[in-house]
Amino acid sequence: MADHAIGHSVPEARPGMRFRLEGLGTAAVVALAWMALIAISAIHRPDFLSHQTILAIAFTMSIVGVLAVGQALVGISGGFLDLSQPTSLILTALAASRLLAAGLDPAFVIVLTLAIGALWGFANALIIVHGKLNPVIVTLATNFIGLAALFLVFQIAEAPIDSGFRAFGRGSFLGLPNIWWPMIALVLVVGFFLPRTRYGRRAIAVGGNRFAAQARGISLRKTRFAIFTASGVCAGIAGLLFAASSGPFTPASGTVYLLPVIAASILAGVSLAGGRGNIWLILLSVGFLSTVPTSLVFFGLSSDWQAIFQGAILIVAVSIDGYREKWVAR
Amino acid sequence: MKGKSSSPLHALAVVAAATTVLGVGSVTGAGAQDKFKLGMAVGGNPCCEWMKAQGDVARALAEQRGWDYMELSNNDDAATALKNAGIFIQEGVDAVIQFNGQPSANPALAQRFASANIPVVTYDIAQPGFYFVGIDNLAAGLAGGEALGNIIKEKWNCEPDLVISAEGASAGIVNEWRTGGMRDGLKKVCPDIPAEKWVSFESQGQATVGLPAARDLLAAHPDAKRMAVVGLNDGGVLAAINAAEQLGRADEIIGWGQDGAFITGDNVNPHLAGSVFYFLEGYAVYALRDVIDPIAAGNPPPLKDTAGDPASRVQPCPVSAEEAAKVPDMPERVKMLLEAPPGTTEYELFCPSA
């Protein structure tokens, strides 16, 4: 049934098939590494297996997971990386905080925040497409510009502390943080639809070989607009979750997310060359990466070690990606 | 030939235009040279709202005096601070106020300014050769720690499950004075808290940046219920409080911060029991009143460059959350400060215990 739903043309069907079948090896490796980390930590400190640990890891997963979906979409479609996520995260968090403080209806605030995120992504795409520029350079530049502009607008912001929005951000449902559920929903939905819809398969095809995709009539421009706008929407969702769950934030508060988000995306098997990756695997990679810092604390290591481990994991993941590319090329 | 002959003129025009636009060597008139020129290097650390306000107040006070004012941001970076020193010297400022977010650069900065014979005021971190204006950070830490200790004694009979320190290692000695001072102040009131109850995490002085580390620390102490938090500043302390809220353990967490950044306004966390105001945004009042004004008048004061014997001492102002509710928020304080008679400090205007 799924094969039937892939599309009308054979050329478009191939990337989708390959897309869905691959990643099993990556999933196994990451899952094994995660389980091993949990087991070692639990042997060292049996109280590692507590509800508090699950909550701590799940909170860490939430925002990183949402941003990683946007990052993975950009990567799979051949855009390499969206380096403007730290700014779009804070821009949307600021918008949500200010609009809520102004007394606007939360539902309206959510819609408006997502629209701002989408607009940010659309603006990135506009520069990339019409300037015919490298997406990495463009998003790096817009991140700098956006950050500087944010500093002109505010120094510290925070969503109203007594609002239902903040209560949602602090609360839990079925033993897991409220903000974890939108993340899992997003991963599952995007992971399901990406290889099963025409737009999704086109994004994969453009990432795999843009010249071949263009030869088949797939518009690179439209794909870029769709993907970067979607990445902006992901940043909008992350901004909402961030504003709801975090305390006072500054324009630079988003920068700490970039490294774990990129690491999570690559560790999930998203190819830096584009055309390959499985969104569902983000759950495993984000889960593993979010467990590392918590585990380090149980081993008595300071949080300073976190960046060292994340950086090392990123290098390993990139190396595996490079090896995989060579293997595929053979 | 025509092209050749016009090139030097063209180049001259370009240089002249560039010089005008960049303002290089623009102080040419006798009047401009006579005007006192104050340079201000703001910290540029994104952590805190008061960093920008420090420059705003200095600018306003300089303008009140009819001085020229030049502001540069050190962008929380030692290399930028050094570069900015070169610009101040090149621009011929008569005195500089230097917020020292990057104390590692201070010796080199001192050397540069000394060779240019430019007097420098430093805030809060002493440097030989710089006029010291600031708080006694250790005294501020001790005061905050004692205040929190009194609450813990009353509520928990000095028997907390955890005392959490929200460190900010990059602040160097200031972190040791403030966070360590708070621990010592707390020990004065509650001397018998066992060593294993004292734990730390790196907050970087920011609520959101320190949040994951604080969450992990609390997860590693799942049975701790009664938790006290001290730290470098309000932001770091809030990181631990927010983590406890996320993990459903906020009922019995009490924090006492430093710097008063998050204890005023209508968005104060109920678990932040108090803080110590330094009114950092208003430091320029002390610097100008006690150092720069006499220099501008041609009577430089004696160089006092240590925290123990400062050129101007800023009074710490410990306040409970209840007391802080009566203190205006920072933008309002700045407005009222600039409307007050010259030389009036924020401590005199706003500290409930003054």
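The points below comment on a predicted model, taking in turn a helix, the nonpolar core and the contact between two chains.

1. Helix α5 of chain A, residues 85-101, has the length that its residue count implies: at 1.5 Å a residue its 17 residues should span 24 Å, and because the C-alpha atoms at its ends are 24 Å apart, the two values agree. The helix is mostly covered, with 15 of its 17 residues buried, and α5(A) is followed by A:G103, a residue whose phi is positive, near 90°.

2. The largest nonpolar core contains 195 residues, and within this core A:L67 and A:I282 touch the most other members. Helix α4 of chain A, residues 51-76, supplies the largest share of the core, namely 16 residues. In soluble globular proteins, nonpolar side chains tend to be buried together.

3. When neighbours within four places in sequence are left aside, the contacts of A:L67 are A:Q85, A:L89, A:C234, A:A235, A:A238, A:Y257 and A:V261.

4. Between the two chains, 30 residues of chain B are in contact with 33 residues of chain A. On the side of chain B that touches chain A, the elements giving two or more residues are α3 (49-64), β7 (198-202), α8 (207-219) and α9 (234-246) of chain B. Of these, α8(B) gives the most, with 11 residues.

5. As for the chemical character of that side of chain B, the residues that touch chain A divide by class into 16 nonpolar, eight polar and six charged.

Conventions. Residues numbered from 1 in each chain as written. Chains lettered and ligands numbered in written order. Predicted model: local features only at pLDDT ≥ 70, side-chain atom pairs only at ≥ 80, totals over all residues. Helix = DSSP H or I, 4+ residues; strand = E, 2+ residues; numbered from the N terminus. Expected span 1.5 Å × (residues − 1). Buried ≥ 20, exposed ≤ 12 C-beta atoms within 10 Å, placed from the backbone. Contact = placed C-beta atoms within 7 Å. Nonpolar A, V, L, I, M, F, W, Y, C, P; charged D, E, K, R; others polar. Core = buried A, V, L, I, M, F, W, Y, C linked by C-beta atoms within 7 Å.
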